[in-house]
Amino acid sequence: MDLQHRPGGKTGSGGLASASETNLDRRERMRQLALETINLNKDPYFMKNHLGSYECKLCLTLHNNEGSYLAHTQGKKHQANLARRAAKEAKDAPAQPAPEKAKVEIKKFVKIGRPGYKVTKQRDPETMQQSLLFQIDYPEIADIIIPRHRFMAAYEQKVEPPDRKWQYLLFAAEPYETIAFKVPSREVDKDPKKLWTYWNKETKQVGIWFTDVVLSQKLLCESVWSWTQLY
């Protein structure tokens, strides 16, 4: 755009551009930018008619040249029509069936009662730390099952009012009932030499041995409950 020789402008300053000239300059810049980024051959709404002018099939507008059409595609009307067309196509599109989720077969076993168990209280003669050894026998356990265990907080059980002084050690293995031992809720020594578990496939016995970090208090195993009692 020629900015020289405008009325009211100083020589060499270029003068002030009118609103129409600013608008023309803006459209020219938009056209140049669109020519660099848009391929008209891939535009489904661009059409050249028999008169040599260009049409927008979406907005039903006529344009004298490609630049005019490209400037139109950047305008609010064309963008609004594009959004409206996309919403209509999404609404009319047939609903795609949801992919089927993989079904996980639930293993069902007939409960055969509680397993046999043995609890041994021990004391380390060097550190005077007290420990408990739990040994649970599962002679009829299924071959594909590995016994599991976990500690349960007193607030998770529903048998008696929760007492934060106690926690529960649960053992589970099909087809036996899940059993729980009530033990003091104190910190366990996490040293691998003082906390370990084992599963003997030949004797079908699982065990856990843990040591209490508290030295002066007595470590007890008060009672054993079934899973149904806890819940």
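This report describes a helix, a set of aromatic contacts and a sheet in a predicted model.

**The annotated region and helix 2**

An unreviewed UniProt entry carries the annotation "domain: Matrin-type" for residues 54–84. Over residues 54–84 the chain is 55% helix and 19% strand, and the C-alpha atoms at the two ends are 22 Å apart. Helix 2 spans residues 66–73. Six of its eight residues are buried, so helix 2 is largely enclosed by the rest of the structure. The buried residues are G67, Y69, L70, A71, H72 and T73. At the start of helix 2, a side-chain oxygen of N65 comes to within 2.6 Å of the backbone nitrogen of S68.

**Aromatic contacts**

The structure contains seven aromatic pairs. A pair of aromatic rings is described by the distance of the centres and the angle of the planes. Two of the pairs, both edge-to-face, are set out below.

| Pair | Centre to centre | Angle between planes |
|---|---|---|
| Y138 and Y176 | 5.2 Å | 65° |
| F171 and F181 | 5.9 Å | 85° |

Y138 lies in the loop between strand 5 (130–137) and strand 6 (148–153), and Y176 lies in the loop between strand 7 (166–172) and strand 8 (179–184), so this pair ties together parts that are 38 residues apart in sequence. Both Y138 and Y176 are buried.

For F171 and F181, the planes stand at 85°, over the 60 degrees required, so the pair counts as edge-to-face. F171 belongs to strand 7 and F181 to strand 8, so the contact joins parts that are 10 residues apart in sequence. F171 is buried, with a relative accessible area of 1%; F181 is also buried, with a relative accessible area of 1%. F171 and F181 form one aromatic cluster together with Y117 and F134.

A contact of another kind involves W166: K182 lies over the face of the W166 ring, at 5.1 Å from the ring centre.

**The four-stranded sheet**

Four strands form an open sheet in the order 4-5-10-9, with antiparallel pairing. Strand 4 (116–123) and strand 9 (195–200) are the edge strands, and each pairs on one side only. Neighbouring strands of this sheet are turned by 10° against each other on average, direction ignored. Strand 4 and strand 5 run antiparallel and are joined by eight bridges. The bridge partner of K118 in strand 5 is Q135.

Terms used. Residues numbered from 1 in each chain as written. Predicted model: local features only at pLDDT ≥ 70, side-chain atom pairs only at ≥ 80, totals over all residues. Heavy atoms only, no water. Buried < 20%, exposed > 50% of the residue type's maximum accessible area, 1.4 Å probe, protein only. Polar contact = N/O pair within 3.5 Å; in protein donor to acceptor, adjacent residues only side chain to side chain. UniProt positions renumbered as here; feature names shortened; annotations may be inferred. Phe/Tyr/Trp six-rings, centres within 6.5 Å; stacked < 30°, edge-to-face > 60°. Lys NZ or Arg CZ within 6 Å of the ring centre and 35° of its normal. Pairing = 2+ DSSP bridges. Axes fitted to C-alpha atoms, helices over the stretch in contact; angles between N-to-C directions.
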